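Dear colleague,

I am passing on the structure we spoke about, for you to open beside this note. Please look through it before reading on.

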Amino acid sequence: MSTNTITAPSVGSVGARISDQEFGAIRKLVYDKFGINLTDQKKTLVVGRLQKVLRERNFATFKEYFNWLTTEKSGEGLDELANRISTNHTFFNREKAHFEFFSKTALPDLMARRQQLNQTEMRIWCAGCSSGEEPYTLMMLMMEHFGSALNQWNPMLLATDISATALKTAMAGVYPTDKVEQLPVALRNKYFQKQPDGTMVVKDVVRKRIFFRRHNLMDATFPFKKQFDTVFCRNVMIYFDRETRNTLVAKYHKHTAEGGYLFIGHSETLGRDDSQYKYVMPAVYRK
Ligand SMILES: C[S@@+](CC[C@H](N)C(=O)[O-])C[C@H]1O[C@@H](n2cnc3c(N)ncnc32)[C@H](O)[C@@H]1O
């Protein structure tokens, strides 16, 4: 076994070195537990983040840290690992063509389908919601779209992520003003409140309509009894390998109502043979 080591730059102290074997063990654990495929290109970044954990928890070596991770029973170590290795980059109105399509085409169409069934229900799942910008954007758009029929439809938006840290930010709904400026001015003015410290908080009328929950997309089965009208899973599967993506997309398909949509990130595609969804437009699919 090669003993190549890598040390990420650290301020004030030298980080623990990691051998190829130790990195391989952590890579396998991360893949098995979270589906995230840590490529060699990510090594420096990941090692840097984990060296910080080693320092905070007083582990001298990655071997000691790994042994603790795989034996401690509370799950705290794995939760922390998920927080540290997940990439939570997101922003309001990201890939806005999707939001336009959702408001102008998907929602009216989904409403018509529900009405044919004599139902007024709209169930949306935002999987890998990170710090909340995406589900808040979706809920504001739905509130605009439903207008005076909002209470009648009472749209349900489930927003899940594996990272407890990202979810904490999401649930607080407090964002710097320059981030909120990525939204159209009408939404900003209507659904945010400026706080004394200059930050913007999402108003309760929006916040209380979203269910934020911790959920691991690698769970063998999903605990949902009813299907969703639309699943958003954007910029999440880029961290998964093809096999993991295909398994996940098959599960999404099972949990999508007939005629419902799947939105993925613009840099992602579903191979023609990889899924039962039909292609609608770039990164938008339909059951
Ligand atoms: C780059 S963010 C994407 C946020 C948002 N969907 C967007 O497009 O802007 C990816 C998110 O996926 C989450 N994630 C990664 N692996 C996951 C897993 N196995 N289960 C649930 N969430 C996961 C990460 O914690 C992270 O918040």
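Below are notes on one helix pair and on the largest pocket.

This is a predicted model, in which local features need pLDDT of at least 70 and side-chain atom pairs count only at pLDDT 80 or more, while totals for chains, interfaces and linings use all residues. Residues are numbered from 1 along each chain as its sequence is written, and side-chain values use heavy atoms, with hydrogens and water left out.

Helix H2 (residues 43-56) packs against helix H4 (residues 76-85) at an angle of about 140 degrees, the two axes lying 10 Å apart. That angle makes H2 oblique to H4 (neither under 35 degrees, nor over 145, nor 65 to 115). In the contact (heavy atoms within 4.5 Å), Val 46, Arg 49, Leu 50, Lys 52, Val 53 and Glu 56 of H2 meet Glu 80, Leu 81, Arg 84 and Ile 85 of H4. By class, this contact has 5 nonpolar, no polar and 5 charged residues.

The largest pocket (an open set of points on a 1 Å grid where a 1.4 Å probe fits, with protein on both sides within 12 Å along at least five of seven lines) has a volume of about 460 Å³. Its lining (residues with an atom within 4 Å of a point) comprises 32 residues, of which Thr 87, Asp 161, Asn 235, Val 236 and Tyr 239 lie nearest the centre. H2 and strand S4 (156-161) are the elements that give two or more residues to this lining, and H2 gives the most, with 3 residues. By class, the lining has 14 nonpolar, 12 polar and 6 charged residues.

With best wishes

Notes:
Axes are lines fitted to C-alpha atoms, for helices over the stretch in contact, and angles run from 0 to 180 degrees between N-to-C directions. Helices (H or I, at least four residues) and strands (E, at least two) are DSSP runs, numbered from the N terminus. Ala, Val, Leu, Ile, Met, Phe, Trp, Tyr, Cys and Pro count as nonpolar, Asp, Glu, Lys and Arg as charged, and the others, Gly among them, as polar. Grid points are joined across faces, edges and corners, and a volume is the space filled by probe spheres set on the points.
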